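User: I would like a close look at a single part of this model, taken residue by residue, with the contacts and distances spelled out. Please also say how far the prediction can be relied on.

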Amino acid sequence: MDRNASLQALNMHKHTVEVQVGSQSMRFETGYLAKQAAGSVVVGVGETMVLSTVCDGDPKPGQGFFPLMVDYREKAYAAGRIPGNFFKREARPSDHETLTMRLTDRPLRPLFPKGYMRDTNCTSFVISFDQANESDVLSMNGVSAALHISQIPWAGPIGAVRVGLIDNAFVVNPEIEQRKASELDLVVAGTADAITMVECGAKELSEERMVEALFLAHSEIKKICAAIEELRSLTGKAKMTHEEPPVNPWIAKILEGYRADIEAALDVRVKHERSQAVSDCKAKVVAALAGDDEERIAEIKAAFAEAKDTVFRDNILNGKRVDGRDTTTVRPIVIDLDVLPRAHGSSVFTRGETQGLLVCTLGTGEDEQMVDGLKPKYFENFLLHYNFPGFSVGECGGRPGPGRREIGHGALARRALIPVLPEADQWPYTIRIVSDILESNGSSSMATVCGGSLSMMAAGVPIKAPVAGIAMGLVKEGDRYAILTDILGDEDHYGDMDFKVCGTSKGITALQMDIKIAGLSAEVMAEALNQAKVGRLHILGVMNESIATNRDQLSPYAPQIVQVQIDPEMIGKIIGKGGETIRRIQDETGAKLNVDDDGVITLASPDMKSIEAAKGWISDLTEMPEAGRVYKGRVTSVKDFGAFVEFLPSTEGLCHISEWAWERIDTMDSVAKTGQEIDVKLVEVDPRTGKFRLSRKALLEKPEGYVEPERAPRGDRPPRRDDDRRRNDGPRR
């Protein structure tokens, strides 16, 4: 078979569907690449292409959880690059890749049927990247399409879009360059009927405008879902049958006979005491109903968990929360500043049984983090690292590095704080915030936002406004629902929504929503946003009682940073040959120097004296020598005909033997030594050669009765040799 016939055979099963999303066409293609996967789709916009595949395996005996794995990887070849690491191949996922995995996973997971336990892998490769169109949203749509055309039972499809706000107009799927000017970075996923996931960063956007953006996003999502449905109609496989597990008959018996006991256990206000009370109640129920029957014990334990879930949710719908609050009350807040004496800024933020230690450290440009991905390399000067040790929930164990949850929570808090940071050209510090969660019972990421804002103000960072965050929850049964302010860990676990809202008193800076049910209407989301605003303003009021704005002075342990502007043409004099001059400045003053291409020199040191000394060096180096001025110089070399003197940094001139003193000098070695400091006057700048002629004699008092020595007639003087002339002229600059 020749090449054309082979290609024709391959293309026989290729199917393509296109849909207009925003101002661009989105392409879904299947049947050509990775055909042995259960589902395989290539999604493209412009010249950015993502290959998404799904596979399933057999369930393992006795498995009690759904093993869904979502993977997203950016191939360096997609951007025509070779990886810059030592091994020259793709290594561990970057933070961006990990966050995209979470973005893809969160709207998929709730749509798998109850009791489905088969191994399921969803993998996306970025195989072409045009530097204009983002690949993360394409991955979300690609995995959705691959699942929908596969035999895997799944209640999709979902669609996903990004919405920006540029010049007060919403833009769907803005290009990378457009996003730089956007006041909104909103990613929304949903089915044709409802929104299922939201991830957002914004520049103090109002709740009303946010709802507008959500409505727009959902209208575009409906188009994507229709295109995926069309793709399935062309090439979809028959879905495998899956029967949801039957309702455990013991649930009704437990609710009938032990509801009051469960309610009493849930009424215990303290987290670990409540957990113990629930365990005691379960043991009582199992002992009463199962006896020594091992098979029945397992059934009743599973039924007890369902019964507890039912009681928990019924109580909330009836206005009763486990810690006694109503649906709109925020837990008590305690704030303690400056708990670490050597840190640049620190705070302990405690809200109920959630507590975070937030520490702000200030650094220089050398501390910026380089980000190397498919896009051109760039540097981040604001870092936020979130840590969740096991002891925060009273558990053993730990991991050597952050997992997806820690990376995701840290990214959310960072996104919330970025809009209030000072501009880099006005405040040239690198900022690192570390959030160590010491106790957790819900909303530790929001404690990170509040405590991070406090720690920056305590460190003297001139943020534009304080930022607070609050986590909202939802319990919905039919038409009945309750929106919860400041949810606990149990309310997150048993509820139907985790809705985190961050912002200033003016508007929203970050938003994240995950839904465990099929979706939410925009009306319920708008109600949740307005209720969250009330809670956020309450928290900001408590924060302002401790500290409302940044401190005027930095910690004495923080680096002092001063910027100096010079003519860019003078940068070479600051750097020196092979960096010799800048190293000398740093060694002698103790200050660190960073020179930008535009002539901005950043000086950093804990000691202002070091900075002033370095500024003096820069001033001298960039000063233009002026004839007639007096300079303090240093002898750098002594010759028969005179001495070379450095009278400005890296600038030398010749003080001829005849200009050293009024008296006659036989040899320069007798009056001058290398390293000697003297005052000299710049007598002349040679307009032809640019050489400097210096005089020490001009600064000395002329001796009384001084008579100029007679010069021998020219005919009596020996002829001057060419090598003498070159030597006496000194080195050329």
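**Strand 6 and the loop that follows**

Analyst: Leaving aside neighbours within four places in sequence, S128 is in contact with E47, T48, M49 and A78. S128 itself belongs to strand 6, and a polar atom of the S128 side chain lies 2.6 Å from the backbone oxygen of E47, a residue that also appears among the contacts of S128.

The loop between strand 6 (120–128) and helix 3 (136–149) holds N133. N133 is counted as buried because its relative accessible area is 5%, which falls under the 20% limit for that class. Its side chain takes part in a polar contact of 2.8 Å with the side chain of D130, while a polar atom of the N133 side chain lies 3.5 Å from the backbone oxygen of V45. When residues up to four places away in sequence are not counted, N133 touches Q24, V45, G46, T48, E175 and I176. T48 is thus found both among the residues touched by N133 and among the contacts of S128.

For a second site, F170 may be set beside this loop. F170 is found in strand 8 (residues 169–172), and it is classed as partly exposed because its relative accessible area is 22%, a value in between the limits of 20% for buried and 50% for exposed. Beyond four places in sequence, F170 is in contact with V163, G164, L165, L184, R209, E212, A213 and L216. The C-alpha atoms of F170 and L214, which are 44 residues apart along the chain, are separated by 11 Å.

Elsewhere in the chain, helix 6 (residues 250–266) and helix 7 (residues 271–290) pack at an angle of about 150°, with their axes 10 Å apart, and their crossing is right-handed. Helix 6 contributes W250, I254, Y258, D261, I262, A265 and L266 to the contact, and helix 7 contributes R274, A277, V278, C281, K284, V285, A288 and L289. By class, the residues of this contact divide into 12 nonpolar, no polar and three charged.

As for reliance, this is a predicted model, in which the mean pLDDT of the protein chain is 90 and 94% of the residues reach 70 or more. Over residues 721–733, however, pLDDT stays under 50, and for that stretch the model has 17 contacts beyond four places in sequence.

Definitions and conventions
Residues numbered from 1 in each chain as written. Predicted model: local features only at pLDDT ≥ 70, side-chain atom pairs only at ≥ 80, totals over all residues. Heavy atoms only, no water. pLDDT = per-residue confidence, 0-100. Contact = heavy atoms within 4.5 Å. Helix = DSSP H or I, 4+ residues; strand = E, 2+ residues; numbered from the N terminus. Buried < 20%, exposed > 50% of the residue type's maximum accessible area, 1.4 Å probe, protein only. Polar contact = N/O pair within 3.5 Å; in protein donor to acceptor, adjacent residues only side chain to side chain. Axes fitted to C-alpha atoms, helices over the stretch in contact; angles between N-to-C directions. Left-handed = near helix turned anticlockwise from the far one by under 90°. Nonpolar A, V, L, I, M, F, W, Y, C, P; charged D, E, K, R; others polar.
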